[in-house]
Amino acid sequence: MDTCLQGETPESLLARLEHLGATLPEARRLCAHVLQRGHDDYRAVSQVRARVRDGAGEAVPVGRLEVREVARSLEDPFVKYVLECPDGALLETVRIPLEAPGRFSVCVSSQVGCAMGCVFCATGRMGLRRNLHAWEIIEQVRRVARDLRASGEGRVHGVVFQGMGEPLHNVDNVLRALEVLSNPCGLAIDARNITVCTVGVVPGILRLAEATRRPRLGISVTSARAALRRTLVPLEAKYPLEDVIDAARVYQARSRRLVMLAYPLLGGVNMDPEEARALATLLKRLPARLSLIEWNPVPGVDLRRPTEAERNAFHDALASLGVPVVRRYSGGKDIAAACGQLATETGRRR
Ligand code: SF4
């Protein structure tokens, strides 16, 4: 199913319902009924003519992702969902608690698997199965929002594209999903609270820079030294970090918001003084804050988490070079929901 209501803005829905003589207010009501109020069909929608409502059910159905598993972390309030698409593909979504009580972020997948092959990442080991449709991306957020509403725990405040897949390798569907997420008749999430993280797909960054509602951009650096980065992030051979930073500068100028630079800490690999100096040079070209994230173990990957002494030494080396740095917590390790750990069991067995 390529086309479902969750992938539509009122304007695009109206174009699909033209043959029924639908009006824009009717399209808005249909979108709000499903996306904001969380209904699974159009039966109870008010102020929409029966002909339009019934025809919409045929032409643009409400898509479903079956919940295969909901895993709650015992260490922290992270929740991981395993969801099944209509073709049987499995994907993972993580509910992340924010500091303010009752507010949550949803870490969404944009692809089933990933073609980028970063050596430290569980999803990269799956290879790419397929891109997710825009509606499949939105449905992950709608599912979490509905559960939060039903349990009275709170609401979705933000979305981060850092689940399975490289979002800018599926840029058309991600751009459409961004429109629906921030549309007042869609999920109505402020674009400033949406982050798209990439390992450096340069054309995708430039496409995103042209979007009407621009999210925050995150870039996974992994190393500022090209030779080392190539061994960890194969995409470096196609889009060197130098070019990625140029594109990020364009993005920063257009969006007027600081780009977030994510840095997975790989013990004994990318945390030496030379790396700190290379990062300091990099950050002279792009004023940004570096988020240090501890790498999380992935079965079959011969890397290790850094020791506390390594973490402190690297942090201090960066700070002494004037690099603005922040340590980011990545939770849900016990349910394999932390950064870099997402991969469906089918993918892991492969
Ligand atoms: S880190 Fe991101 S881009 Fe790299 S393999 Fe994993 S999911 Fe893909």
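Is G63 buried or exposed? In this predicted model, G63 counts as buried, since its relative accessibility is 0%, and following the chain around this residue is a convenient way into the structure.

G63 sits in the loop that runs between the helix α3 (50–59) and the strand β1 (66–72). Leaving aside residues up to four places away in sequence, G63 touches M1, C4 and Q6, and also W135, E139 and R142. Another residue to look for from here is D41, which is 22 residues from G63 in sequence, while the C-alpha atoms of the two are 9.4 Å apart in space.

The wider setting is given by the domain assignment, which divides the protein into domain 1 (5–59) and domain 2 (66–349). The C-alpha centres of these two domains lie 33 Å apart, and where the domains meet, 17 residues of domain 1 are in contact with 16 residues of domain 2. Between them, domain 1 and domain 2 bury about 1,300 Å², with 48% of this area on carbon and sulfur atoms. On the side of domain 1, the residues that lose the most area to domain 2 are Q6, L35 and Q36, which together account for 45% of what that side buries. Q6, as described above, is also one of the residues that G63 touches.

The polar side of this interface can be followed in a similar way. Eleven residue pairs are in polar contact between domain 1 and domain 2, counting pairs with both residues at pLDDT 80 or more, and three salt bridges are found across the interface. R142, another of the residues that G63 touches, forms a salt bridge with D40, in which the closest N and O atoms are 2.7 Å apart. Two elements, α1 (10–16) and α2 (24–36), each give two or more residues to the side of domain 1 that touches domain 2, and it is α2 that supplies the largest share of that side, with six residues.

A last point to examine is the cysteines. The count of disulfides in the model is zero, and C185 shows how one cysteine fails to qualify: the closest cysteine sulfur to its own belongs to C31, and because the two sulfur atoms are 6.6 Å apart, they are too far from each other for a bond. C185 is nevertheless buried, with a relative accessible area of 16%, and C107 counts as buried too, at 8% relative accessibility.

Conventions:
Residues numbered from 1 in each chain as written. Predicted model: local features only at pLDDT ≥ 70, side-chain atom pairs only at ≥ 80, totals over all residues. Heavy atoms only, no water. Disulfide = S-S within 2.5 Å. Buried < 20%, exposed > 50% of the residue type's maximum accessible area, 1.4 Å probe, protein only. Domains from an automatic or database assignment. Contact = heavy atoms within 4.5 Å. Buried area = accessible area lost by both parts, 1.4 Å probe. Salt bridge = Lys/Arg side-chain N within 4 Å of Asp/Glu carboxyl O. Polar contact = N/O pair within 3.5 Å; in protein donor to acceptor, adjacent residues only side chain to side chain. Helix = DSSP H or I, 4+ residues; strand = E, 2+ residues; numbered from the N terminus.
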